[in-house]
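Please look through the structure shown here slowly, from its confidence values to its pockets and then to a single residue.

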Amino acid sequence: MPGSAFLVDTPSRLRRYLHLEPGSCDREVAQRLDWSNLTRPWLRRRQLGLQAKDQNFMLEDSTFWIFGGSVHYFRVPKEYWRDRLLKMKACGLNTLTTYVPWNLHEPERGRFDFSGNLDLEAFVLTAAEIGLWVILRPGPYICSEIDLGGLPSWLLQDSGMRLRTTYKGFTNAVDLYFDHLMPRVVPLQYKHGGPIIAVQVENEYGSYNKDPTYMPYIKKALEDRGIEELLLTSDNKDGLSSGAVDGVLATINLQSQHDLQLLSTFLFTVQGARPKMVMEYWTGWFDSWGGTHNILDSSEVLKTVSAIIDAGSSINLYMFHGGTNFGFINGAMHYYDYKSHVTSYDYDAVLTEAGDYTAKYLQLRDFFGSISGTPLPPPPDPLPKTAYESVTPAFYLSLWDALKYMEAPINSEQPVNMENLPVNNGNGQSFGYTLYETTIASSGVLSAFVRDRGQVFVNTVSIGFLDYKRKEINIPLIQGYTTLRILVENCGRVNYGEIDNQRKGLIGNIYLNDSPLSKFRIYSLDMKKSFFQRFSFDEWNKVPEAPTFPAFFLGALSVALSPSDTFMKLEGWEKGVVFINGQNLGRYWNIGPQETLYLPGTWLDQGINQVIVFEEKMAGSVIQFTETPHLGRSRYIN
C-alpha cells in the first residue's frame with residue numbers, strides 16, 4: 001500500500017485556496033459565494049499543477065494518488081450536492097469527477113442554461129469547499145447512459161450530420177458550445193486557484209474511431225480556450241488501442257481484475273512508464289426496462305479496488321453516487337434489441353440512488369481510511385425518509401380532451417420526425433411524446449418506421465403498438481372517414497455505439513395497404529413545465545369509473561411536517577410519467593425492473609403538493625409511498 005497516499009498539502013486546504021484578480025471574469029461567482037477570506041499566498045504557490053512524471057502523478061513537487069468518485073450534478077437535486085460530496089470526503093476519497101451534459105446546457109442552439117440544478121460552477125466550488133479536487137469530463141460526447149450521449153438532439157436536424165467527427169456542422173456547434181462553457185471552467189482550474197486538476201478529452205473515442213482528426217481537434221479546442229491542466233483520455237478494452245492522443249495521458253475503464261492486468265500491460269506498450277489510472281472502475285451497472293437490476297457484490301468491489309491500488313494505479317469509482325435520470329434524460333442501448341434505460345441511475349453504486357450508505361461504502365471507507373494516514377471525517381447522518389399516506393387521484397383529463405388546450409398542431413403533408421418539427425424556436429423536439437393524426441377511409445395493414453414506441457388509435461380506441469419489432473398492425477373495419485392517431489414516445493436515444501441515426505417519432509412515410517398516408521396534424525407533447533400551465537383547474541373532471549386513455553390524473557399529496565425523501569409506488573398502473581409540483585420525476589413501467597420512483601424531499605412543500613400522472617393505458621386506484629426503494633428482480637454481475 002502507498003504510504004504517501006495523499007498530497008502533503010491535503011485537499012482540505014482548498015477551503016481557503018482561491019483568490020480572484022480585480023476585473024476577473026469570475027467576479028460574479030466570487031460575489032455570489034463570498035470568497036473574501038481567501039488568501040493570495042496559496043494561489044501564488046500553484047505553478048505546476050497535476051503532472052504525469054515517470055510512473056507517478058505529482059501535484060506541485062509531491063507524489064499524488066487520485067482516489068476519485070463520480071457524481072453527476074445533473075442527476076442529483078442541487079440541495080443535496082453538499083450531502084453527497086461530504087459523504088465522498090468521509091469515504092476517504094480526494095477527487096470528484098463529473099461529466100458535463102451538452103444537451104442539457106444548450107437545449108436550443110445558442111441558448112445556454114447553467115442555472116439551478118445545472119449550475120456547474122456552484123457544484124465545482126462546493127467540492128472545493130469540502131476539500132475535494134475535481135477532474136472535469138466536458139465531452140462534448142459523454143456517454144453516461146444519457147440521451148444521445150449528452151449531444152443535443154437539434155444536431156440531428158442536419159440530414160448529413162456526422163456526430164463525433166470533424167464534419168463542419170458538428171464542429172461549428174462544438175466551437176460555439178465550448179466558447180460558452182470554457183470561460184466558466186477556466187477560472188476553476190488549479191493554476192487559476194481552483195480545484196480542477198485535470199480535464200478529459202472527449203470520452204471513449206477509441207470505441208467509435210470514425211475520424212482520426214477528431215480527437216486532435218477536441219484537444220486543440222480545449223487548449224485554445226484556456227484549458228491548461230493535465231489532459232486525459234478514457235477508454236475501455238475495445239477502444240484503448242485507437243483512443244490514445246499525442247500529448248494526452250491515456251487512462252482505462254474496467255470492472256474485473258482480469259481486465260486490469262490485460263489493460264495495464266497494453267497501457268505500458270502505448271505510453272511507456274507513465275502514471276496508471278483507472279478512470280472508470282465500474283462499481284455496478286445500469287439497468288434497462290424489461291431486464292434485471294444489476295448487482296456487483298461489495299466484497300468483489302473491495303478486492304478489485306485493492307488490486308488496482310496495489311498495482312500502483314490511481315482510481316476513480318464510477319459511480320460513487322449514481323442519482324436519477326429525472327425527466328426524459330435517460331439513454332438507451334441498441335445492439336441486437338433496442339433497450340431504454342430505467343429512470344433510476346442507482347447503478348448499485350457506493351451510495352444508493354437516494355444517497356444512503358451501502359455495504360460497499362462501509363468497506364471502502366475502512367479500506368481508504370487504512371491508507372490515508374490521517375483520520376477520516378465522520379460520515380453525515382442519513383437523510384430521513386417518510387412513507388406518506390397514499391394519494392387517490394381526484395381529477396382526470398384525457399389526452400383527447402387536453403388537445404384543445406395545447407398549441408395549435410403542425411400541419412404537414414408527410415410525417416415529420418421530432419427533431420425537425422418547427423417548435424422550440426426552430427430547434428425541434430428533444431424529449432417526450434409526439435402525436436400524429438390523419439384521416440383514413442378504409443381498413444387494412446398499417447406499416448411504419450416508429451422510433452421508439454407508438455400507440456395506435458382508431459379515433460380514441462387503442463388497437464396496439466408499433467415499435468422496433470412490431471412494424472405492422474391491422475386496422476379493423478371502419479365506416480366512413482376515421483381519425484387515425486399514433487402517439488409516439490422517444491424512450492431514449494442510444495448513448496453508446498451508432499448514434500447518427502437517432503431521430504425519433506415517425507421516420508419517413510407511414511403506409512396503409514402499401515399506400516402512403518398524407519395530411520398530418522402533429523402535436524408536440526414535450527411535457528415541460530409550461531405544458532401543464534395550459535391546464536387550469538376548471539378543465540379537469542372527476543375521475544370516471546372507466547377513464548379514456550391516455551390520460552392525465554391529478555391528486556394532492558399532503559405533507560404535515562418538514563418534507564422528507566420518499567419513493568412512489570404505482571402498483572396497478574402500467575406505463576407513464578409522474579410530475580410533482582411541476583418537476584418531472586421520470587418514467588415508470590410495470591415491466592420492471594424498477595418498481596418505485598425516487599421523490600426528493602427537497603422538491604416537496606409543507607402542505608399540499610400537486611401530483612400529476614400521465615398514464616398511457618391502465619390506471620391504478622391509488623399512488624403509494626414507501627421509505628425504501630424497490631429496484632426489482634436482481635442479477636449479480638459476474
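Over which residues does pLDDT stay under 50? This is a predicted model, and the stretch in question is residues 1–43, for which the model nevertheless has 93 contacts beyond four places in sequence. Where pLDDT is low, the predicted coordinates should not be read in detail. For the chain taken as a whole, the average pLDDT is 91, and 93% of the residues score at least 70.

With that caution in mind, we can turn to the empty space in the model. Rolling a probe the size of a water molecule over the atoms shows where such space is left. The largest pocket holds about 1000 Å³ of space, and 28 residues line it, with Leu104, Leu118, Gly327, Ile329 and Lys528 lying nearest its centre. Two elements, helix 4 (102–105) and strand 32 (583–589), give two or more residues each to this lining. Sorted by class, the lining of the largest pocket consists of 10 nonpolar, 12 polar and six charged residues.

The second largest pocket has a volume of about 810 Å³, and its lining is made up of 37 residues, among which Trp282, Trp285, Phe286, Met333 and Tyr335 lie nearest the centre. At least two lining residues come from each of strand 9 (249–254), helix 9 (257–271), strand 10 (276–282) and strand 13 (332–334). By class, the lining of this second largest pocket has 14 nonpolar, 14 polar and nine charged residues.

We now move along the chain to a region named in a database record. According to an unreviewed UniProt entry, residues 550–609 are covered by the annotation "domain: Beta-galactosidase galactose-binding". Over residues 550–609 the model is 55% strand and 0% helix, and the C-alpha atoms at the two ends are 23 Å apart.

One residue to examine here is Phe553, which is placed in strand 29 (residues 551–559). Is Phe553 buried or exposed? Phe553 counts as buried, because its relative accessibility is 3%, and the cut-off for being buried is under 20%. If neighbours within four places in sequence are left aside, Phe553 is in contact with Pro393, Phe395, Tyr396, Trp540, Val543, Pro547, Trp573, Val611, Ile612, Val613, Glu615 and Ala619. A separate comparison of positions concerns Val578, which is 25 residues away from Phe553 along the chain, while the C-alpha atoms of Phe553 and Val578 are separated by 9.6 Å.

Definitions and conventions
Residues numbered from 1 in each chain as written. Predicted model: local features only at pLDDT ≥ 70, side-chain atom pairs only at ≥ 80, totals over all residues. Heavy atoms only, no water. UniProt positions renumbered as here; feature names shortened; annotations may be inferred. Helix = DSSP H or I, 4+ residues; strand = E, 2+ residues; numbered from the N terminus. 1 Å grid on protein atoms, 1.4 Å probe; cavity = no way out; pocket = protein on both sides within 12 Å on 5 of 7 lines; lining within 4 Å. Points joined across faces, edges and corners; volume = space filled by probe spheres on them. Nonpolar A, V, L, I, M, F, W, Y, C, P; charged D, E, K, R; others polar. Buried < 20%, exposed > 50% of the residue type's maximum accessible area, 1.4 Å probe, protein only. Contact = heavy atoms within 4.5 Å. pLDDT = per-residue confidence, 0-100.
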